[in-house]
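Here is a short briefing to read with the model open beside you. Take a moment to turn the structure around before going through the points.

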Amino acid sequence: MSAPETGAESTSSRRSWLFWLPLFFAVFYVLSPGPAFKLATYIKGMDPALKTVYAPLELLDEKVPAVHAFYNWYFRLWGAFPGQKSHLPKP
């Protein structure tokens, strides 16, 4: 049988979750466009929703060359935009 948690251990555990949970969602958000856009190649009508959800990442992609290079590689890895050199949609 384990000893009951003290108030300090409980508070520390809560603080740990307050750190890890947002970090998990931030990483999940940054890495989710690959599978999302790959899925969108099979489901028609998803483009407007994806553009809205990922607008902040698109802005970063336009302004920061390293982010642009990362997403070009990442979308090629997922095969999200077959036949395109860049992941940005053609005008």
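Which residues make the nonpolar surface patch of about 950 Å²? The patch is made by Phe 19, Trp 20, Leu 23, Val 27, Val 30, Leu 31, Phe 70, Trp 73, Leu 77 and Trp 78. Please keep in mind that this is a predicted model. The protein chain has five helices and zero strands, and aromatic rings give you plenty to look at, with 13 aromatic pairs counted.

**Overall layout**
- Following the sequence, you will meet the pattern α-α-α-α-α in the protein chain.
- Of the 91 residues in the protein chain, 18% count as buried.
- Take the contacts between residues at least 6 apart in sequence: 49% of these join residues at least 24 apart.
- The protein chain has an accessible surface of about 7100 Å², and carbon and sulfur atoms account for 71% of that surface.

**The nonpolar patch**
- Two helices, α1 and α5 (65-78), each give at least two residues to the nonpolar patch.
- Helix α1 provides the largest share of the patch, with six residues.
- Leu 23, one of the patch residues, sits in helix α1.
- With a relative accessible area of 37%, Leu 23 is partly exposed; that value fits the patch rule, because a patch residue needs over 30% relative accessible area.

**Aromatic pairs**
- A handy reminder: two numbers describe a pair of aromatic rings, the distance of the centres and the angle of the planes.
- The rings of Phe 24 and Phe 28 are stacked, at 6.2 Å centre to centre and with 20° between the planes.
- Both Phe 24 and Phe 28 belong to helix α1 (residues 7-31), where they are four residues apart, about one turn of the helix.
- Tyr 29 and Tyr 54 make another stacked pair, with 5.6 Å between the centres and 25° between the planes.
- Tyr 29 is in helix α1 while Tyr 54 is in the loop between α3 (47-53) and α4 (55-63), so this pair ties together parts 25 residues apart in sequence.
- Are the two partners buried or partly exposed? Tyr 29 is partly exposed, at 26% relative accessible area, whereas Tyr 54 counts as buried, at 10% relative accessibility.

**The ring cluster**
- Ring pairs join Tyr 29, Phe 37, Tyr 54, Phe 70, Tyr 71, Trp 73, Tyr 74 and Phe 75 into a cluster.
- Phe 70 and Trp 73 belong to this cluster and also help make the nonpolar patch.

Conventions
Residues numbered from 1 in each chain as written. Predicted model: local features only at pLDDT ≥ 70, side-chain atom pairs only at ≥ 80, totals over all residues. Heavy atoms only, no water. Phe/Tyr/Trp six-rings, centres within 6.5 Å; stacked < 30°, edge-to-face > 60°. Buried < 20%, exposed > 50% of the residue type's maximum accessible area, 1.4 Å probe, protein only. Contact = heavy atoms within 4.5 Å. Areas by Shrake-Rupley, 256 points an atom, 1.4 Å probe, with all protein chains shown as cover. Patch = residues over 30% accessible without salt bridge, like charges linked within 9 Å, V, L, I, M, F, W, Y side chains within 5 Å. Salt bridge = Lys/Arg side-chain N within 4 Å of Asp/Glu carboxyl O.
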